[in-house]
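Walk through this structure with me, one sheet at a time. Keep the sequence at hand and follow the residue numbers as they come up.

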Amino acid sequence: MRLFGERYRWNTASLAQQFLLIGGLVSLGATILVGAFVTNLIEAAVTRNTGAATALYVDSVIAPLLPDMQTNNDLSESVQRALDETLGQGTLGKRLLSFRLWRPDGTILYSNEKPLIGRKLPISDGLQTALTGTMVAEYDHADDVGSETVRDSGLPVLEIYNPVLQPWSGEVVGVLEFYEIATDFQHSLNHARLQSWFAVVAFTMSFFAILSVLVFKGSRTIDSQDKALKQRIRELSELLLQNGELSVKLQRASQRTTALNERYLRRLGAELHDGPAQLVALAALKVDSEAISNPRTSRKVRDGEIASIKSSLDDAMQEIRTICSGLVLPQIEGADLREVVERALKAHAERTGALVELSLSPASPQLSISAKICVFRFLQEALNNGYRHGGGAEQYVIQTYEGQTVSVKAGDRGPGFDPTKTKPSSLGLSGLRERVESLGGIFELKTSDLGTELCMSLNLDEMEPS
């Protein structure tokens, strides 16, 4: 569980945070490795150069005092005394802590430590290398047998093995081993180490800082793009959900619209059948009646029958006009909301003679043609229902416009009705609801024994522009 939590925290960390952790560890490791490598190189180079200079100086002083090492196996007292005087005073005496002259077999021919003269000691690695003709310089490595005095001194020393060469043959005939007091060398070496570490750390930190700046910029860009992408995904998800809901609503509205159209056609057929068709049929019967076809019928009776036929046809024509007037809208394409409402009330007054109290908002926005038709049909049906079922008692219309939302209310002070007792075949209210909701609007019905009020509202931001 703990491992899972750590892995989760790591995965949720930003690119910059991950880089700081991993890059910091890698940079620290690289700094240590490179610093140690460079320091070792500097120490080896400084030790080698210093040892070579010292060896050259010692060799120039000591070599003239030495006899032919190839023919003499021992040093005479005069040579030893000369070496004692040379190594015991002057510059060499101050610089050299210990001095030995080795034969190739490991015997010490001379040393400023008298007990070591004549002893044969194990050949160390440095001595073995010097016997091959190569100068060896080592710092603070006085760990050979016979170097107890040097180690006990506690001083930093530079151990040098310098081969003694036969002048005419170049053969190694001995080795000079001496320990130089390296106090100044130690200070110089520590200073060089400090400078090398400082340079390595400064370079690594500068490099890491530059990379960090680039990574932080890239991380911020990636984070901002990631947030923008997630926001877009959320918006697209919401749009897909809304589109799905709208698709379902559209499908249901299409199905209900089909059913409503069928019911409208049936009602229109019923109105034509029960109204104009009956009057035309009555006129047709009178045309075929005996009073018209019998030549012996008096002119007065015939004129009466013809007048009755004409009256029936006039009534049929009037009913047809009335039905058509309910189907055809007035010219509202170029009208604004105020004009649409006023024309709906004017048409209602012409049909019924009823007066309707009107309240309009100061602002009158332009609507799409579908919204204008919806408002007009809503008022037409609501006012007709109020006149027909509520007796037209104190009918009123209130239109408001707030925050891109258009609301229209139509009501009366009639006795009201019970919505649960509305017949399923009734087209008025269900037709209005379908018409309003098909545009994304809201339809509400409020009724009581104090009156009935119908309300529709449309959000213009969610509708297509006109």
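Five strands make an open sheet in the order β2-β1-β5-β4-β3. The pairing is antiparallel. The model is a predicted one. At the edges stand β2 and β3, each of which pairs on one side only. From one strand to the next, the twist averages 15°. Strands of a sheet pair through backbone hydrogen bonds, in either a parallel or an antiparallel way.

Start with β4, which covers residues 157-165. Is this strand enclosed or open to its surroundings? Eight of its nine residues are buried, so β4 is largely enclosed by the rest of the structure. Buried here means under 20% relative accessible area.

Now look at the partners of β4. Strand β3, residues 136-139, pairs with β4 in the antiparallel sense over four bridges. Within that pairing, E138 has E159 of β4 as its bridge partner. Strand β5, residues 172-181, also runs antiparallel to β4, and nine bridges link β5 and β4. Two pairs help to fix the register. Y161 stands opposite E177 in β5. V164 has G174 in β5 as its bridge partner.

Next, go to the loop between β1 (96-102) and β2 (108-111), where D105 is found. T107 sits in the loop between β1 and β2 as well. Which of these counts as buried, and which as partly exposed? D105 has 33% relative accessibility and therefore counts as partly exposed. T107 has 9% and therefore counts as buried.

Their contacts can be traced too. Leaving aside neighbours within four places in sequence, D105 is in contact with K120 and I123. The C-alpha atoms of D105 and L121 are separated by 9.0 Å, and these residues are 16 apart along the chain. With residues up to four places away not counted, T107 touches L101, W102, G118, R119 and K120. K120 thus appears in the contacts of D105 and in those of T107.

Turn to the other sheet. This open sheet of five strands has the order β6-β7-β8-β10-β9, and its pairing is mixed. Why does one side of β6 and of β9 lack a neighbour in the sheet? β6 (357-359) and β9 (442-448) stand at the edges and have a single partner strand each, so one side of each is left free of a neighbour in the sheet. On average, neighbouring strands of this sheet are turned by 10° against each other, direction ignored.

Inside this sheet, follow β7 and β8. Strand β7 spans residues 396-402, and strand β8 spans residues 405-412. They run antiparallel and are joined by seven bridges. I398 stands opposite K409 in β8. Helix α11, residues 337-352, packs on the sheet and touches β6, β7 and β8. The direction of α11 makes about 170° with that of β7.

Pause at the loop between β7 and β8, which holds Q404. Phi of Q404 is near 65°. That is a positive value in a residue other than glycine. Q404 has 31% relative accessibility, so it counts as partly exposed.

Now move to the helices and the surface. Where is a nonpolar patch, and which residues form it? L28, I32, W197, V201 and M205 form such a patch on the surface, with about 450 Å² of accessible area together. The elements that give two or more residues to this patch are α2 (15-62) and α7 (183-274). Helix α7 supplies the largest share, three residues. W197 lies in helix α7. Its relative accessible area is 31%, so W197 is partly exposed.

Finally, step back to the whole chain. The protein chain has 13 helices and ten strands. Of its 466 residues, 34% are buried. Its accessible surface comes to about 28,300 Å², and 58% of that belongs to carbon and sulfur atoms. Take the contacts between residues at least 6 apart in sequence: 64% of them join residues at least 24 apart.

Key:
Residues numbered from 1 in each chain as written. Predicted model: local features only at pLDDT ≥ 70, side-chain atom pairs only at ≥ 80, totals over all residues. Heavy atoms only, no water. Pairing = 2+ DSSP bridges. Axes fitted to C-alpha atoms, helices over the stretch in contact; angles between N-to-C directions. Contact = heavy atoms within 4.5 Å. Buried < 20%, exposed > 50% of the residue type's maximum accessible area, 1.4 Å probe, protein only. Patch = residues over 30% accessible without salt bridge, like charges linked within 9 Å, V, L, I, M, F, W, Y side chains within 5 Å. Areas by Shrake-Rupley, 256 points an atom, 1.4 Å probe, with all protein chains shown as cover. Salt bridge = Lys/Arg side-chain N within 4 Å of Asp/Glu carboxyl O.
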